[in-house]
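Here are a few notes to read alongside the coordinates. I have kept to one pocket and the helices around it, and I hope they save you some clicking.

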Amino acid sequence: MAALLMPRRNKGMRTRLGCLSHKSDSCSDFTAILPDKPNRALKMHKFTVTEWQESRRLSTEEATRWADSFDVLLSHKYGVAAFRAFLKTEFSEENLEFWLACEEFKKTRSTAKLVSKAHRIFEEFVDVQAPREVNIDFQTREATRKNMQEPSLTCFDQAQGKVHSLMEKDSYPRFLRSKMYLDLLSQSQRRLS
């Protein structure tokens, strides 16, 4: 009954939340973040392996190269999208989001924006009990907290390095063994046949 009373615009959110509540490594169960338009806000879409490949024109060669190294995966926008979708199933997407926020932060040129962005990233990901707190050790967290006294383009380097290492050693190997990645490769190879 409550669902009937909810405004129509909330139906999509309920659907997305319902999809996220079912942990699965099957690509057909994924909710991924895909660009709606170039350089526009990101939009949530549910997709199948075939739709995902066709919408992105992902080649088997590109997807296979993601297994070369974690940095190759991170350098490919579709690799990041697939890895993000996988991390969502493991409820650990905050690690990638933090890493990406740090990469974007390093491009900041305005001193005023640098300080506000640094504090926003720290409060979102690094601070104890942050909404999307990343798993880093006490010393790294405290060093980063100290860096917040005078934020610079390198103030998150230590924490970002720890998170990168954690993803590379833990989540990345599981991603490469996941049904989602294997289905993706299989589907792209079938398309070539």
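Which residues line the second largest pocket? Please keep in mind that this is a predicted model.

1. **The lining.** The residues to select are Ala101, Glu104, Phe105, Lys117, Arg120, Ile121, Glu124 and Phe125, which line the second largest pocket. Its volume comes to about 180 Å³. Sorted by class, the lining holds four nonpolar and four charged residues, with no polar ones.

2. **Where the lining comes from.** Two helices, H7 (93-105) and H8 (111-126), each supply at least two residues of that lining. The most comes from H8, which gives five residues.

3. **H7 against H8.** These two helices pack at an angle of about 170°, and their axes are 11 Å apart. H7 is therefore roughly antiparallel to H8, since angles over 145 degrees fall in that class. On the H7 side, the contact uses Glu94, Glu97, Phe98, Ala101 and Phe105, while H8 brings Leu114, Lys117, Ala118, Ile121, Phe125 and Val126. By class, this contact has eight nonpolar and three charged residues, and no polar ones. You will recognise some names from the pocket: Ala101, Phe105, Lys117, Ile121 and Phe125 are among the lining residues and also take part in the contact of H7 with H8.

4. **H7 against H6.** Helix H6 (residues 77-89) packs with H7 at an angle of about 145°, with the axes 8 Å apart. From H6 come Val80, Phe83, Arg84, Leu87 and Lys88, and they meet Glu93, Leu96, Glu97 and Leu100 of H7. The class count here is five nonpolar, four charged and no polar residues. Glu97 of H7 takes part in this contact and in the one with H8 as well.

5. **H7 against H10.** Helix H10 (residues 157-177) and H7 have axes 10 Å apart and pack at an angle of about 140°. That angle makes H7 oblique to H10, and the crossing is left-handed. The H7 residues involved are Asn95, Leu96, Phe98, Trp99, Cys102 and Glu103, and their partners in H10 are Ala159, Gln160, Val163, His164, Leu166 and Met167. This contact has eight nonpolar, three polar and one charged residues.

6. **Shared residues on H7.** Two further names may be handy when you colour the helix. Leu96 meets H10 and also belongs to the contact with H6. Phe98 likewise meets H10 and belongs to the contact with H8.

Definitions and conventions. Residues numbered from 1 in each chain as written. Predicted model: local features only at pLDDT ≥ 70, side-chain atom pairs only at ≥ 80, totals over all residues. Heavy atoms only, no water. 1 Å grid on protein atoms, 1.4 Å probe; cavity = no way out; pocket = protein on both sides within 12 Å on 5 of 7 lines; lining within 4 Å. Points joined across faces, edges and corners; volume = space filled by probe spheres on them. Helix = DSSP H or I, 4+ residues; strand = E, 2+ residues; numbered from the N terminus. Nonpolar A, V, L, I, M, F, W, Y, C, P; charged D, E, K, R; others polar. Axes fitted to C-alpha atoms, helices over the stretch in contact; angles between N-to-C directions. Parallel < 35°, antiparallel > 145°, perpendicular 65-115°, else oblique. Left-handed = near helix turned anticlockwise from the far one by under 90°. Contact = heavy atoms within 4.5 Å.
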